[in-house]
Amino acid sequence: MPEKTRSIGPRVDVDTAFNDNEGAGIHWIESGFACRYKFLTDGRRQILCFLLPGDVLNLRHFISGRPQRPVASISALQLKAVSSKKLLAILERYPSLARVLWLSTLTEESIGQEWLVSMGLRTAIERMAHLLCELRVRLDAVGLVSDGGFDLPLTQGELAEALGLSAVHVNRTLQQLRREGHVAVQNGRVTILDFESMKQQALFSPAYLNLKQTVQAQAVVHT
């Protein structure tokens, strides 16, 4: 399915990749981290979800023609694209693929709902632990976890924007997780030392990630 690759630098807005004159239908991440976000009028930003390798960025825009929440790169990105014309031809030939692709959007919405629960009910330590568990599971599903560790190119400020905490509170929370022996953080790499204990502390269950179906959807997109 892929037609072309685009390279995006770190910490830049990538929406222009969706609004060119080349008829690009959908883009998905081949490598790198991104986020979907919303700015308030006073300049404050809320990160709504993290987008990881295999995630489709603009499927809702392709379907409805209406803009989605903007996307920004966190690390350098490699994006794959397939044109609207080619994608429509593929979906006409294989209509069952529409359900597979739509699953990626449903999973993103499910993640957003779980983050809302974190904001409303989980303590700061539970929020941080839950997010790290989520990222570990999602990255493991695409082969980016080794020895319980994964690269995490996020600043404490970006973690704060995702968790609804101050940067200072994020720092204190990470230090607490370290002292308790749950995580090790070094040179942009996070290792969860006792995943089962961390899951219990975070009240984390991965069911909302639809892992089996999501991996199947990503495999189809890359075909």
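Trainee: How does Asp151 count by its relative accessible area: buried, partly exposed or exposed?
Mentor: The model is predicted, and the value it gives for Asp151 is a relative accessible area of 47%. Buried means under 20% and exposed means over 50%, with partly exposed in between. At 47%, Asp151 therefore counts as partly exposed.

Trainee: Which residue meets Asp151 in a salt bridge?
Mentor: Asp151 sits in strand E7, and its partner is in strand E9, 38 residues apart along the chain. The partner has 26% relative accessibility, so it counts as partly exposed. The closest approach of the pair, N to O, is 3.2 Å, and the partner is Arg189.

Trainee: How many bridges pair E7 with E9?
Mentor: E7 covers residues 149–151 and E9 covers residues 189–192. One bridge can be placed by its residues, since Gly149 has Thr191 as its partner in E9. The two strands pair in the antiparallel sense, and the number of bridges is three.

Trainee: Which residue in the turn between E8 and E9 has a positive phi?
Mentor: E8 spans residues 183–186 and runs antiparallel to E9, joined by four bridges. Within this pairing, Ala184 stands opposite Thr191. The two strands form a hairpin with two residues between them. The turn residue with a positive phi, about 55 degrees, is Asn187.

Trainee: How far apart are the closest N and O atoms of Arg11 and Glu158?
Mentor: Side chains of opposite charge can pair when their charged atoms come close. Arg11 lies in the loop between E1 and strand E2 (24–31), while Glu158 lies in helix H5, 147 residues away in the chain. The two form a salt bridge, and the closest N and O atoms are apart by 2.8 Å.

Trainee: Which of these two, Arg11 or Glu158, is buried?
Mentor: Arg11 has 43% relative accessibility, so it counts as partly exposed. Glu158 has a relative accessible area of 7%, and buried means under 20%. The buried partner is therefore Glu158.

Trainee: Which residue of H5 meets Arg45 in a salt bridge?
Mentor: Arg45 is in strand E4, and its partner in helix H5 is 116 residues apart from it. Arg45 is buried because its relative accessible area is 19%, and buried means under 20%. The partner has 22% relative accessibility, so it counts as partly exposed. The N to O distance is 2.7 Å, and the partner is Glu161.

Trainee: How many salt bridges does the structure hold?
Mentor: Three pairs have come up so far, one of them Arg11 with Glu158. Other salt bridges share partners and join Asp55, Glu134 and Arg138 into one network. For the whole structure, the number of salt bridges is ten.

Trainee: Which side chain makes a polar contact with the side chain of Arg6?
Mentor: Arg6 belongs to strand E1, residues 4–8. At 17% relative accessibility, Arg6 counts as buried, because the limit is under 20%. The contact is given at 3.4 Å, and the other side chain is that of His27.

Trainee: Which helix gives the most residues to the lining of the largest pocket?
Mentor: The largest pocket holds about 270 Å³ of space, and twelve residues line it. Among them, Arg36, Arg60, Gln68, Glu108 and Glu109 lie nearest the centre. By class the lining has five nonpolar, two polar and five charged residues. Helix H1 (59–64) supplies at least two of the residues, but the most, three, come from H3.

Trainee: How many charged residues are in the lining of the second largest pocket?
Mentor: This pocket has a volume of about 150 Å³. Its lining consists of Gln46, Ile47, Leu48, Gly112, Trp115, Leu116 and Met119, and H3 supplies the largest share, four residues. Five of the lining residues are nonpolar and two are polar, and the number that are charged is no residues.

Trainee: What is the volume of the second largest cavity?
Mentor: The structure holds two cavities of 30 Å³ or more. The second largest is lined by residues including Trp115, Arg127 and His130. H3, helix H4 (124–141) and helix H5 (156–163) each give at least two residues to this lining. The volume is about 80 Å³.

How values were computed. Residues numbered from 1 in each chain as written. Predicted model: local features only at pLDDT ≥ 70, side-chain atom pairs only at ≥ 80, totals over all residues. Heavy atoms only, no water. 1 Å grid on protein atoms, 1.4 Å probe; cavity = no way out; pocket = protein on both sides within 12 Å on 5 of 7 lines; lining within 4 Å. Points joined across faces, edges and corners; volume = space filled by probe spheres on them. Nonpolar A, V, L, I, M, F, W, Y, C, P; charged D, E, K, R; others polar. Pairing = 2+ DSSP bridges. Buried < 20%, exposed > 50% of the residue type's maximum accessible area, 1.4 Å probe, protein only. Polar contact = N/O pair within 3.5 Å; in protein donor to acceptor, adjacent residues only side chain to side chain. Salt bridge = Lys/Arg side-chain N within 4 Å of Asp/Glu carboxyl O.
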